[in-house]
Amino acid sequence: METLPGKNAGPRRTAVLSVVALLVLAALAVGLTVAARGPAGRAHTTASGPTGPQPVDLAARVDAYTAGFAPGTPYTVPDAAQRRAVADGVAAVLDGRPEQAGPVLAPVGYRLTEFTEAGSGRRVAEIADASASADGRGWGRVYLDLSVQDHWSVQVPHPVSDSRTEALGVDLFRAAPGGVLVLAGAHRRAGADGSSDPAHRSDTVFAAVIEALTARGLPGIQVHGFDEGSLPGQDAVVSSGVGQPGPAAELTAAGLGQAGFAVCRAWREKCGQLEGTTNVEGRFAAGLGVPWLHVELGNALRTEPARRGAVAAVLAATAASWRSPATP
């Protein structure tokens with residue numbers, strides 16, 4: 001049977017056009033996928049994309065930073081201007097002037113970075129050494145909670161040498177809003193003649209930052225570690241250094257005791273020369289009448305995550321008990 005010209009041509013043409021349209025759409029999809037990938041096929045995102053910048057795990061960031069800390073590694077003593085610049089950069093962020101921190105920090109090789117912290121979900125500012133010689137300077141870092149007005153600090157002068165005090169510092173910073181984490185940048189035995197021990201040297205960036213915080217009325221908790229063999233039968237030592245013990249010291253000691261730890265209270269008994277009376281940050285705080293705690297912890301309370309978490313919870317309650325200081 002002869003087919004009339006044009007019979008069934010409409011359906012065939014529609015089918016062909018549908019196939020062509022699908023091919024065009026597929027080609028466009030491939031092109032968009034390729035365009036969205038960088039070198040070597042790595043996909044990249046922007047702040048305006050569906051995922052945005054990934055939150056930063058502060059614990060992992062600090063662990064990576066401190067991984068190379070060891071006795072005898074390079075350390076440079078900062079001069080007074082360098083110490084002051086970093087402290088002034090921290091003050092600018094505290095005052096809500098982060099745009100002014102960059103120009104202050106840049107001449108000494110420091111920079112300000114902001115990110116969302118994965119563990120707490122809060123915005124955090126990091127003030128860190130960005131210079132080419134950072135590994136040889138060992139000046140440390142500062143982390144500031146941007147979610148609320150900062151009103152207390154946690155101080156870690158001996159990361160790595162007092163094992164996992166750096167991890168405790170992060171745990172506490174996450175647990176109590178409004179904190180400033182001040183982290184030393186070298187092993188306490190890195191520099192010659194004890195120059196890298198910021199708990200006993202005032203010519204460090206660490207000491208300069210804490211002096212700036214203390215001068216603004218921010219109370220501080222400084223965490224240390226000791227070998228249980230040096231004080232048998234005790235898990236922790238709580239002290240106010242040369243300052244007068246106040247409610248925060250009592251609260252901390254009681255909290256650690258309730259958590260099941262044996263606590264030596266330095267204002268009541270001898271604690272094996274672990275009272276922090278020679279600590280330079282403690283002496284500065286005592287001179288201004290600002291609350292300051294020196295907390296020594298046995299190895300298990302620092303290295304076992306569950307016990308470290310219990311300690312962080314107790315110290316977070318102490319931090320929460322401090323009211324925001326008046327603006328100087």
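Guide: A nonpolar core is a set of buried Ala, Val, Leu, Ile, Met, Phe, Trp, Tyr and Cys residues joined through side-chain atoms within 4.5 Å. The model discussed here is predicted.

Visitor: Which residues touch the most other members of the largest nonpolar core?

Guide: The largest nonpolar core has 37 residues, and those touching the most other members are Leu-58, Tyr-143, Leu-181, Ile-221, Leu-256 and Val-311. Helix H11 (residues 305–321) supplies the largest share of this core, six residues. Apart from this core lies another, of 27 residues, including Ala-85 and Val-209.

Visitor: With which residues is Leu-58 in contact, leaving aside its neighbours within four places in sequence?

Guide: With those neighbours left aside, the contacts of Leu-58 are Phe-115, Glu-117, Tyr-143, Val-170, Phe-173, Arg-174 and Leu-181.

Visitor: Why are H6 and H11 called oblique to each other?

Guide: Helix H6 (residues 165–175) packs against H11 at an angle of about 45 degrees, and the two axes are 9 Å apart. Angles under 35 degrees count as roughly parallel, and 65 to 115 as roughly perpendicular. The angle of about 45 degrees belongs to neither class, so the helices are oblique to each other. Their crossing is right-handed. Among the residues that meet there are Ala-167 and Leu-172 in H6, and Val-311 and Leu-315 in H11.

Visitor: What makes S1 and S8 edge strands of the sheet?

Guide: Nine strands form an open sheet in the order S1-S2-S3-S5-S4-S6-S9-S7-S8, with mixed pairing. Strand S1 (110–116) and strand S8 (263–265) each pair on one side only, and they are the edge strands.

Visitor: Why do S4 and S5 count as a pair?

Guide: Two strands pair if at least two bridges are found between them. Five bridges join strand S4 (residues 152–156) to strand S5 (residues 179–183), and the two run parallel; therefore the condition for a pair is met. One of the links is that of Val-154, whose bridge partner in S5 is Leu-181.

Visitor: What is notable about the phi of Arg-164 and of Gln-273?

Guide: Most residues other than glycine have a negative phi. Arg-164, however, has a positive phi near 65 degrees, and Gln-273 has a positive phi of about 60 degrees. Arg-164 is found in the loop between S4 and H6, whereas Gln-273 is found in the loop between S8 and helix H9 (280–288).

Visitor: Why is Gln-273 called exposed, and why is Arg-164 called partly exposed?

Guide: A residue is buried under 20% relative accessible area and exposed over 50%. Gln-273 has 78%, so it is exposed. Arg-164 has 26%, between the two limits, and therefore counts as partly exposed.

Key. Residues are numbered from 1 along each chain as its sequence is written. This is a predicted model: local features need pLDDT of at least 70, side-chain atom pairs count only at pLDDT 80 or more; totals for chains, interfaces and linings use all residues. Side-chain values use heavy atoms; hydrogens and water are left out. Helices (H or I, at least four residues) and strands (E, at least two) are DSSP runs, numbered from the N terminus. Buried means under 20% relative accessible area, exposed over 50%, partly exposed in between (1.4 Å probe, protein chains only). Contact means heavy atoms within 4.5 Å. Axes are lines fitted to C-alpha atoms, for helices over the stretch in contact, and angles run from 0 to 180 degrees between N-to-C directions. Angles under 35 degrees count as roughly parallel, over 145 as roughly antiparallel, 65 to 115 as roughly perpendicular and the rest as oblique. A crossing is left-handed if the near helix is turned anticlockwise from the far one by less than a right angle, and right-handed if clockwise.
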